[in-house]
Amino acid sequence: MKTSNGVKKQKKPQSPEKSKPKDHRELGRELDLFSFHEVSPGAPFWHYKGMLIVKALEKFIRELQDKHGYEEISTPIMVKKELFEKSGHWEFFKDDMFYFKAGTETYALKPMNCPESALVYQTRTRSYRDLPLRLAEIGRLHRNELSGVLGGLLRVRQITMDDAHIYCRFDQIKSELVSVLKMTEEFYKRLGLPVVYGLATRPKKAMGSVKTWKEAEKLLGEALEELGLKYQTLKGEGAFYGPKIHFDIKDSLDRTWTIATAQLDFQIPERFQLEYIDADGQAKRPVIIHRAIFGSFERFIGILLEHFKGALPFWLSPVQVAVLAINDQVTDYSKKVFEALKNKNVRAELDLRNESVGKKIREAELQKIPYLLIIGEKEAASEKVAVRERGKGDIGQKTLEEFWEIIK
Ligand SMILES: [Zn+2]
């Protein structure tokens, strides 16, 4: 394109904001959620507001687990290497583990929760009536990712997992998988993220008989079909110790993430000689289903931040409502509104600074706060608040009662 003076007009460069969505690390900095420090590569330092997101996720997953009959446990982070020799991790996974000598013993930081969960199972004689036993653990794991491949929250060395191990009889596999899938659907529905399912079948090198594998794969498929969930068969992509269901999500940037899995395991029950006493009085092996609904808190929060471009849904937002006072005349009423929000367990912030209301609104909007309640003398006199909703702008004056109805 030529302008009147004949100078070739440069195409205006797109603003970086439009051309490239923000990296979660940048959002984490702007929203004051977490930081990384050289002294601990691959492990986030969660700040106050980041922890509010972690806690909201924890709360939701715990509610779901309670509803679906889980028992929550907590096991040590540091364990003698003998445990992982027994589980097989030492042989297959040693290079990805952190371990060290303390006195004459070698200790490891657990890379997975399963072996310790199996020890809890073994503390009692289990009968067929005790099963399924669903042991959940929000466990903190460490895996030795090469420092070159670490990348913010998406690839970390310290992983906090919404993990669980379900100990069940073979005839309970299907109903347990159905229950896991229901939880998964409920969880992702709340985020508005549809899940894409995959069924990963027997790889070439696998433990156990082909017949058992075939039966197990059939049960996984039937569980998915019972809930009318579409899935892809991923041939040969199961782990060597059992087939699994993959939970993938597609984010707003059209990227597909394998978030978590439900995985059958015939190996750990064998290695740990796990038993239950069946109705006929015989000792039998239970099956383990390893399952996580969203996998790692770190990675999942990183994905959510990028997916929502920092504007998390109301229930996950670290600050849900900001109360902005226009001037000193309305301090008392603003405090009263703020206290009322707190009493309703709304995560609120009160801005009484001596700044223009325009600046206060701009800053609160940059913090992606879902609702701003602006209070001037008119609002104070009528015991109302002027509400601004994220993405919508001004939605008018409301009483607090009317505002509860909106955010309920
Ligand atoms: Zn496990």
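This passage walks through two pockets, a helix and a buried valine in a predicted model.

Start with the largest pocket, which has a volume of about 1,200 Å³. Its lining is made up of 40 residues, and those nearest the centre are Phe 93, Met 112, Arg 143, Met 161 and Thr 261. Quite a few elements chip in: helices H5 (89–93) and H9 (267–271), along with strands E8 (158–168), E11 (244–250), E12 (256–265) and E15 (287–296), each supply at least two lining residues. E12 gives the largest share, with six residues. In terms of chemistry, the lining of the largest pocket splits into 17 nonpolar, 14 polar and nine charged residues.

The second largest pocket comes in at about 510 Å³. Of its 18 lining residues, Lys 59, Phe 314, Trp 315, Gln 320 and Asn 345 sit closest to the centre. Two helices, H3 (48–67) and H14 (400–407), are the elements that give two or more residues to this lining, and H3 provides the largest share, six residues. The mix here is eight nonpolar, two polar and eight charged. Both domain 1 (20–75 + 113–307) and domain 2 (319–407) give residues to the lining, so the second largest pocket lies between the two domains.

Next up is helix H12 (residues 357–366), whose buried residues are Lys 360, Ile 361 and Ala 364. Looking down the axis of H12, these buried residues fall within an arc of 95 degrees, so they line one face of the helix. That fits the usual helix geometry: an α-helix has 3.6 residues a turn, so residues three or four places apart point the same way. The face of H12 turned away from the buried side carries Arg 362 and Leu 366, both exposed. On the buried side, the H12 residues pack against strands E16 (321–325), E17 (348–351), E18 (371–375) and E19. Just after the helix, Lys 368 takes a positive phi of about 60 degrees.

Strand E19 (residues 385–389) is also where Val 387 is found. Val 387 has a relative accessible area of 0%, so this residue counts as buried. Leaving aside residues up to four places away in sequence, Val 387 touches Tyr 371, Leu 372, Leu 373, Gly 393, Asp 394, Ile 395, Gly 396, Lys 398 and Phe 403. As for Ile 73, it is 314 residues from Val 387 in sequence and 43 Å from it in space, C-alpha to C-alpha.

Note on methods
Residues are numbered from 1 along each chain as its sequence is written. This is a predicted model: local features need pLDDT of at least 70, side-chain atom pairs count only at pLDDT 80 or more; totals for chains, interfaces and linings use all residues. Side-chain values use heavy atoms; hydrogens and water are left out. On a 1 Å grid over the protein atoms alone, a cavity is a set of points where a 1.4 Å probe fits but cannot get out, and a pocket is an open set with protein on both sides within 12 Å along at least five of seven lines; lining residues have an atom within 4 Å of a point. Grid points are joined across faces, edges and corners, and a volume is the space filled by probe spheres set on the points. Helices (H or I, at least four residues) and strands (E, at least two) are DSSP runs, numbered from the N terminus. Ala, Val, Leu, Ile, Met, Phe, Trp, Tyr, Cys and Pro count as nonpolar, Asp, Glu, Lys and Arg as charged, and the others, Gly among them, as polar. Domain bounds come from an automatic or database domain assignment. Buried means under 20% relative accessible area, exposed over 50%, partly exposed in between (1.4 Å probe, protein chains only). Contact means heavy atoms within 4.5 Å. The arc is that of the directions from the helix axis to the C-beta atoms.
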